[in-house]
Amino acid sequence: MPQNTETTAGAGRRVRLVTLGCARNEVDSEELAARLDDGGWSLTDRGQADVVVVNTCGFIQAAKQESIDELLDAASSGAAVVAAGCLAERYGSELAEALPEAQVVSFDDYPDIAARLDAVARGERWAAHTPRDRRRLLPLAPADRPAAAAAARPGAVAAGPAGLTPAAAGAAPWRDAIPDLPDGLAPASGPRVARSVRRRLDQGVTAPLKIASGCDRRCSFCAIPSFRGAFVSRPVGDLVAEARWLAGQGVRELVLVSENSTSYGKDLGNLRLLEELLPALAAVDGIAVVRVSYLQPAELRPGLIDVLASTPGVAPYFDLSFQHASGPVLRAMRRFGDADRFGELVGRIRQACPAAGIRSNFIVGFPGETDEDLQTLQGFLEDARLDAIGVFGYSDEDSTEAATLPGKIDPAEVARRVEDVTALADELMAQRAADRVGEAGEVLLERRVGPGRYEGRAAHQAPEVDGITTVRGCAGRRAGDLVRARFTAAEGVDLLADVVPPAAR
């Protein structure tokens, strides 16, 4: 859903910022908001805005269409319109020509976004950028990228030593390099030379924390690396500093986001850096839960499974990007694994933590997908009993290898397969939720819904994409509290729970 944001309104230039797409875009919007605020623009979603900035999504056709619809809707308000984000970056001058109602900015324009809007307010129009493959902006080898070079410089934020344990985290060398932050401002995410700021636009108790930008994988169906660029990790010290700042803003749960979180640290010379980052973030005062998203099954190390499954304050939650379960389809996707290997991985996770939450997304109707492939996927879903399952129909994406593959499936047949697999997924997710009835777990309270009742999320439920838990017996509690509760009933993927009295724990 589009997210409209507002800060304190002032006289003069007024801008409305609309955010579409993923949590990574939410972080980008908060950085844009801070830059605009510093540049004298006031953000509003009430009344008439002089300029509307739409932070678009360009992942799949449905997301692109939603972005275009939002741009046209903004133009109908009479405001000047600026297209930012992935769709704008991906298509540049092509988008500007097809949609003259909007001006188009690139990621490279973000540091000067306030000046760009100043030009819009003066009635100026600029030539949109010509799209380029942003993977070519950085060296092919991760060790040769700027983040790795910066980490190696004297006095720079350094990665912790391999094998660092939570008990030893206080002695990590990067502890001495955590930057001080101005009141109300946090460091920017992403591989930018100049430090920027971030300003919160959502006052909830959960916030995304971007740990890296870009992706080095070459999945045949995905165009994201071409416009998001190569993978670059953020230094541990910067992330700990931003986590402290977020905690000071009332955040209780951090959701670590990137295009591929399991690659974190590879360009800093430490493939185990995520295992060291997690306990450091969990140790930040005020942070109750640290959750990781976007894990690649082929890169999920045994040590990372152990840290996710057993570190206090880290949710035992595994957001695994399976995409399919048939070996031949996965090879065509340029991915690794099959139903047997994925099943073994699910088994290892549940052996480490039986109550762990596991979610994944799947693409059906990929070119060449046979009835046997589809049956393999359905059989895997029945065996794996995942907590959350997203099902998407394949569609060609510009400039991807998959768009050139033979064996295309009729869109009507793709839609039928999506419907069938979605129905199975809904049934299996409801069964998995019902299996949890009688268990007890930690629930983060988010919203009061009645006397002594709060909506919240258990460890196996990520914000927005998974189910919710309604907790009874919360008298005297408030949003942001982490309570121990026992699940008493399930309705689809959602759960009902009662607070466990301290004497009964």
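The expected span of a helix is 1.5 Å times one less than its number of residues. Keep that rule in mind as you look at these close-ups of a predicted model.

**View 1. Helix H12 from end to end.** Helix H12 covers residues 339-352, which makes 14 residues. At 1.5 Å a residue it should span 20 Å, and its end C-alpha atoms are indeed 20 Å apart, so the expectation and the model agree. Look at the start of the helix too: there, a side-chain oxygen of Asp338 comes to within 3.1 Å of the backbone nitrogen of Asp340.

**View 2. The two sides of helix H12.** Which residues of H12 are buried? They are Phe342, Leu345, Val346, Ile349 and Arg350. Seen down the axis of H12, these buried residues fall within an arc of 130°, so they line one face of the helix. On the other side you will find Asp340, Arg341, Glu344 and Gln351, which are exposed.

**View 3. What covers the buried residues of H12.** Several neighbouring elements take part, including helices H10 (302-310), H11 (327-332), H13 (371-384) and H14 (411-435). Strands S14 (317-323) and S15 (357-364) are also among them.

**View 4. A barrel of strands.** Here 5 strands close into a barrel, and you can follow them in the order S17-S18-S19-S21-S20. Their pairing is mixed. From one strand to the next, the twist averages 50°.

**View 5. Strands S19 and S21 side by side.** Strands of a sheet pair through backbone hydrogen bonds, either parallel or antiparallel. S19 (residues 469-472) and S21 (residues 494-499) run parallel, joined by 4 bridges. To spot one pairing, find Thr470: its bridge partner in S21 is Leu496.

Conventions: Residues numbered from 1 in each chain as written. Predicted model: local features only at pLDDT ≥ 70, side-chain atom pairs only at ≥ 80, totals over all residues. Heavy atoms only, no water. Buried < 20%, exposed > 50% of the residue type's maximum accessible area, 1.4 Å probe, protein only. Arc of directions from axis to C-beta. Contact = heavy atoms within 4.5 Å. Polar contact = N/O pair within 3.5 Å; in protein donor to acceptor, adjacent residues only side chain to side chain. Pairing = 2+ DSSP bridges. Axes fitted to C-alpha atoms, helices over the stretch in contact; angles between N-to-C directions.
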